[in-house]
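Welcome, and thanks for opening the viewer. Keep a selection box handy, and we will walk from the whole chain down to single residues.

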Amino acid sequence: MASREHKRAALNEKLQQLRAATSSNALNKASIIVDASRYINELKQKVERLNQDIGTSQSSKAQNSLPAVTVETLERGFLINVFSEKNCPGLLVSILEAFEELGLEVLDARVSCSDIFQLQAVGGENRDSLDAQVVKQAVLEAIKSCNEEQE
């Protein structure tokens with residue numbers, strides 16, 4: 001008899017925990033269970049919406065993973081910043097060859113090629129007719145050709 005009372009008390013305690021977890025105001029067992037079932041379905045719907053949001057953000061991130069290239073005109077040259085989430089072998093070489101074709105001499109550079117590609121370089125120009133847009137376009141073309149070689 002005592003074990004039956006112990007089981008009943010344990011069941012009631014678990015129902016009260018379920019009631020508290022689901023923020024139910026129900027008083028009887030059946031209503032508590034119905035409220036818990038609704039709560040579980042709401043949680044499933046939230047998970048589905050979050051998964052859809054994650055999928056959407058990942059696809060837009062993949063579309064926005066194009067390299068970011070900025071070129072600022074300095075007194076005698078350019079400050080070139082390149083950031084790409086996609087790193088391919090030979091990317092640095094391609095960019096440096098583009099600089100050479102433009103007649104840019106690399107005066108200072110910092111490069112990271114681990115998981116991502118990041119380059120910050122100061123290039124001094126040997127020609128007077130070069131502008132920032134031409135430099136940016138040449139760097140973008142070098143990145144594009146490197147990526148096409150990898151595919």
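Helices (H or I, at least four residues) and strands (E, at least two) are DSSP runs, numbered from the N terminus. That definition gives a first stop: Ser129, which sits in the loop between strand E4 and helix H4 (132-150). Keep Ser129 in your selection list, as we will come back to it.

Before going on, some housekeeping. This is a predicted model, in which local features need pLDDT of at least 70 and side-chain atom pairs count only at pLDDT 80 or more, while totals for chains, interfaces and linings use all residues. Residues are numbered from 1 along each chain as its sequence is written, and side-chain values use heavy atoms, with hydrogens and water left out.

**The whole chain**

Colour by secondary structure. You should find four helices and four strands, in the order α-α-β-β-α-β-β-α from the N terminus. Now zoom out: along the principal axes, the C-alpha atoms fill a box of roughly 100 × 35 × 25 Å. How does the radius of gyration of the chain sit against that of a compact globule of 151 residues? The chain has 31 Å, where such a globule would have a value near 15 Å. Here the radius is taken over C-alpha atoms, and the globule rule is 2.2 Å times the number of residues to the power 0.38.

Switch on a surface. About 10800 Å² is accessible, and carbon and sulfur atoms account for 50% of that; these areas come from the Shrake-Rupley method with a 1.4 Å probe, and for residues only the protein chains shown count as cover. Of the 151 residues, 25% count as buried. Buried means under 20% relative accessible area, exposed over 50%, and partly exposed in between (1.4 Å probe, protein chains only).

**Helix H1 and the turn after it**

Select residues 2-21, helix H1, and place a distance between its end C-alpha atoms. The distance is 28 Å, which agrees with the 28 Å that its 20 residues should span at 1.5 Å a residue. The expected span is 1.5 Å times one less than the number of residues.

Next, step to Ser23, in the loop between H1 and helix H2 (29-63). Its phi is positive, about 55 degrees, although Ser23 is not a glycine. Ser23 is exposed, because its relative accessible area is 61%.

**Strand E1**

Move to Thr70 in strand E1 (residues 68-74). Thr70 touches Leu79, Ile80 and Asn81, not counting residues up to four places away in sequence; contact means heavy atoms within 4.5 Å. The C-alpha atoms of Thr70 and Asn81 are 5.2 Å apart, with their positions 11 residues apart along the chain. At a relative accessible area of 41%, Thr70 is partly exposed.

**Strand E2 and the E3-E4 loop**

Now select Ser84, in strand E2 (residues 77-84). Is Ser84 buried or exposed? It counts as buried, because its relative accessibility is 2%. Beyond its neighbours within four places in sequence, Ser84 is in contact with Pro67, Ile116 and Phe117.

Follow one of those contacts to Ile116, in the loop between strand E3 (104-112) and strand E4 (117-125). Ile116 and Ser84 are 32 residues apart along the chain, yet their C-alpha atoms are separated by 6.0 Å. With the same sequence neighbours left aside, the contacts of Ile116 are Phe83, Ser84, Glu85 and Asn87. Ile116 is partly exposed, at 27% relative accessibility.

**Back to Ser129**

Return to Ser129, which is exposed because its relative accessible area is 64%. For a last distance, add Leu18: the C-alpha atoms of Ser129 and Leu18 are 75 Å apart, and the two residues are 111 apart in sequence.
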